[in-house]
Amino acid sequence: MFPAAFDYAAPATLVEALALLKQRGDDAKIMAGGQSLIPMLKLRFAQPALVIDIGRLPAMNGIARHNGHLSIGALARHVDIERNADLAWLCPILVDTVHWISDPLVRNRGTMAGSVCHADPSGDWGSVMLALDASLIARSESGERVIPADGFFQGPFTTTLRPDEIVTEIRIPMPKGPAGGAYNKLERKVGDFATVAVAVHVELSGSKIAKAGIGLTAVGPTNIKATAAEKALVGHEPTDEVIVEAARLAAEAAEPKDDIRGTAAYKKDIVRVYVLRGLRTALGRAREVKA
Ligand SMILES: Cc1cc2nc3c(=O)[nH]c(=O)nc-3n(C[C@H](O)[C@H](O)[C@H](O)COP(=O)(O)OP(=O)(O)OC[C@H]3O[C@@H](n4cnc5c(N)ncnc54)[C@H](O)[C@@H]3O)c2cc1C
């Protein structure tokens, strides 16, 4: 299928891009890697009058540690995360997740920020951002906004981003103590979107869990933060009983539907099992950091 006709602009600077967006916000669409936008245009689910290609904006693809957080530029592609040697120890859940995203063709062009802004409830990065308590930095001509991932997703393909805003960066807080994470995904075949996937992050203080994050993929109208399950972990020793209860609560937070990929009951049970597995992996990784 061919997209409806649209105008195309490739601004050279962020200032230029923001000015264009301010003028044409309601009938314009930002394009980063185009890996979700172009299919949406072809299917005519999106018919913007103007596509603003931000792919060539300078200095927006960095991955660096700054003042207690990990900063991922909005133009950092999936492949940049895959190949970044420091992330394997700084934030291993990112490296776990990136391998599950589609295939090298998509990973070579698509960006993490683009995936989060696309807000597909089956997108993998959204859950990881919820588990890690990440924030998005959004710029417009009026200034900068820090938007916590928790609350960003309003519904399928819908976020709190305003039409005149561009996300420039994603910030992930660096853990204060030993930490670990894991991403487990069930898919029908390699490169497919998730039937169910679960992101888990834990931070330890002594023998207790100081912080926990759990994000659920493809089991509701948005990526879901399993808040009750997180609360059931914090302040406790990670005993089997505590972990089993957190997994039960996470499954309770899931709102899957019967579809071609499985029944709602099956998907809820996969959430439970993957939270158990994820917590055991994440705790193991956190203890290795400690050693
Ligand atoms: C064949 C195929 C398989 C896929 N499999 C998976 C998978 O297994 N798991 C998964 O999670 N994803 C999968 N995807 C989706 C893909 O990984 C991401 O959605 C994609 O990489 C988004 O990044 P992008 O840079 O290409 O965004 P684009 O397509 O350019 O943009 C996507 C949306 O985000 C907005 N946007 C992008 N960047 C910004 C920004 N900086 N500020 C504001 N708005 C912005 C755009 O306006 C658009 O609405 C797949 C895609 C394809 C084509």
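Mentor: Let us begin with classes: Ala, Val, Leu, Ile, Met, Phe, Trp, Tyr, Cys and Pro count as nonpolar, Asp, Glu, Lys and Arg as charged, and the others, Gly among them, as polar. The model in front of us is predicted, and with those classes the residues of the shell around the ligand divide into 15 nonpolar, eleven polar and three charged.

Trainee: Which residues around the ligand come nearest?

Mentor: Of the 29 residues around the ligand, the nearest are Gly 33, Gln 35, Ser 102, Gly 110 and Gly 114. The elements that give two or more residues to this shell are strand S2 (28-31), helix H2 (37-42), helix H6 (104-109), helix H7 (112-118), H8 and strand S10 (166-173). With five residues, H7 gives the most to the shell around the ligand.

Trainee: From which domains does the shell around the ligand draw at least three residues each?

Mentor: The shell draws at least three residues from each of domain 1 (7-52) and domain 2 (63-173). The domain assignment of the chain also gives domain 3 (179-290).

Trainee: How many residues of domain 2 are in contact with domain 3?

Mentor: Residues are in contact if their C-beta atoms lie within 7 Å, and on that basis 23 residues of domain 2 are in contact with 23 residues of domain 3. The elements that give two or more residues to the side of domain 2 that touches domain 3 are helix H5 (92-98), helix H8 (124-132) and strand S8 (153-155). H8 gives the most to that side, with seven residues. By class, the side of domain 2 that touches domain 3 has eleven nonpolar, seven polar and five charged residues. The C-alpha centres of domain 2 and domain 3 lie 19 Å apart.

Trainee: What makes H8 largely enclosed by the rest of the structure?

Mentor: A residue is buried if 20 or more other C-beta atoms lie within 10 Å of its own. Nine of the nine residues of H8 are buried, and therefore H8 is largely enclosed by the rest of the structure. Among these buried residues are Asp 124, Trp 125 and Met 129. Following H8 comes Asp 133, whose phi is positive, near 60 degrees.

Trainee: Why is Ala 218 called buried?

Mentor: The cut-off for a buried residue is 20 or more other C-beta atoms within 10 Å. Ala 218 has 29 other C-beta atoms within 10 Å, so Ala 218 is buried. Ala 218 is found in the loop between strand S13 (208-217) and strand S14 (224-225), and its phi is near 70 degrees, a positive value in a residue other than glycine.

Trainee: Why is Asn 67 called exposed?

Mentor: The exposed class requires 12 or fewer other C-beta atoms within 10 Å. Asn 67 has 7 other C-beta atoms within 10 Å, and so Asn 67 is exposed. The loop that holds Asn 67 runs between strand S4 (63-66) and strand S5 (69-73), and phi of Asn 67, near 35 degrees, is also a positive value in a residue other than glycine.

Trainee: What makes Asn 84 partly exposed?

Mentor: Partly exposed is the class between 12 or fewer and 20 or more C-beta atoms within 10 Å. Asn 84 has 18 C-beta neighbours inside 10 Å, so Asn 84 counts as partly exposed. Asn 84 is found in the loop between helix H3 (78-83) and helix H4 (87-90), and its C-alpha atom is separated by 8.2 Å from that of Ile 63, although the two are 21 residues apart along the chain.

Trainee: Why is Gln 47 called partly exposed?

Mentor: With 13 C-beta neighbours inside 10 Å, Gln 47 counts as partly exposed, since the exposed class ends at 12. Gln 47 lies in the loop between H2 and strand S3 (50-53).

Trainee: How do you know that Ala 251 is buried?

Mentor: Ala 251 has 24 C-beta neighbours inside 10 Å and therefore counts as buried, given the cut-off of 20 or more. The place of Ala 251 is in helix H10, whose buried residues also include Ile 243, Leu 249 and Ala 250. Not counting residues up to four places away in sequence, Ala 251 touches Lys 268, Asp 269, Val 271 and Arg 272.

Trainee: Which residues have the most contacts inside the largest nonpolar core?

Mentor: The core has 88 residues, and those with the most contacts inside it are Ala 250, Val 271 and Val 275. Helix H11 (residues 264-290) gives the most to this core, with nine residues.

Technical notes. Residues numbered from 1 in each chain as written. Predicted model: local features only at pLDDT ≥ 70, side-chain atom pairs only at ≥ 80, totals over all residues. Helix = DSSP H or I, 4+ residues; strand = E, 2+ residues; numbered from the N terminus. Domains from an automatic or database assignment. Contact = placed C-beta atoms within 7 Å. Near = placed C-beta within 6 Å. Core = buried A, V, L, I, M, F, W, Y, C linked by C-beta atoms within 7 Å.
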